[in-house]
Amino acid sequence: VSLTNAAGATIAVGATANASVAGHVGTQAFASATALVGYGIRQSASAFASTGTANATLVNNGTINVGASSNAFAGREGNAFASADVGTGIGQSARGSSLATDSITNAGTINVLAHASASADEDATAIAGVGRTFFSGGAISQVATAFNSSGNASATVNNSGTINVGAMATAVGGEDVFAAAFVADAVRQHVAGGVSGTAVASLVNTGPMTVNAIASALGGGEGT
């Protein structure tokens, strides 16, 4: 299985959630927004014949954007919760009897970003993460498995472009506030070959690769 994103082209995968309540005196309102991207791009190749080969290849010369964004606002006497998660930005899985290969070549730009913002008169909670909740993986995840005793497996990422991975959470409230931001894995590679075969994981980076997790919380009044 192969995917090529040409120079000047853009692949965009995103989830956005917004919630807003005005709130009233004497009535506690609640605003909740959850944005989740399971996979931005997912490639899976399998070959189970005795000499089967499985290959997953991605070449990016353009722009790939994978993002989740959530915003929650609760007015007077209200509480707000915002969550934004990207399970896997780019995921590759190859399972072959004699050969299994995953390959990502990036000369363009790859952005995998999660942003959560919660603002409330009372309590506010914001959580943003990449590769941390219902899905194993990360910004880039590769799994290559060769089943034969002499089977060979490899996972390769070659970056001469730009890779940005980030999670940002912001919570502002009049009472209790909580903000958390996580990047579980920027690049995750798992390779298994046969007992007399080979297993090779390779990451070659000659371009900028930036990984950030930023959380900020501001509370007041009776909050902590």
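This text walks through the nonpolar cores and ring interactions of a predicted model. Local features need pLDDT of at least 70, side-chain atom pairs count only at pLDDT 80 or more, and totals for chains, interfaces and linings use all residues. Residues are numbered from 1 along each chain as its sequence is written, and side-chain values use heavy atoms, without hydrogens and water.

Start with the largest nonpolar core (buried Ala, Val, Leu, Ile, Met, Phe, Trp, Tyr and Cys residues joined through side-chain atoms within 4.5 Å; buried means under 20% relative accessible area with a 1.4 Å probe, protein chains only). It has 42 residues. Ile64, Ile90 and Val112 have the most contacts inside it. Several strands (DSSP E runs of at least two residues, numbered from the N terminus) each supply at least two of its residues, among them S2 (10-21), S5 (63-74) and S12 (162-173). The largest share, 6 residues, comes from S8.

Take Ile90. Beyond four places in sequence, its contacts (heavy atoms within 4.5 Å) include Ile41, Leu58, Ile104 and Ala139. A second, separate core has 10 residues, including Ala94 and Val191.

Now the rings. There is 1 aromatic pair (Phe, Tyr or six-membered Trp rings with centres within 6.5 Å; planes under 30 degrees apart are stacked, over 60 edge-to-face, the rest tilted). The ring centres of Phe48 and Phe147 are 5.9 Å apart and their planes meet at 40 degrees, so the pair is tilted. These two residues are 99 residues apart in the chain. Phe48 is exposed (over 50%), at 53%. Phe147 is partly exposed (in between the two cut-offs), at 46%.

Note on methods
Helix = DSSP H or I, 4+ residues; strand = E, 2+ residues; numbered from the N terminus.
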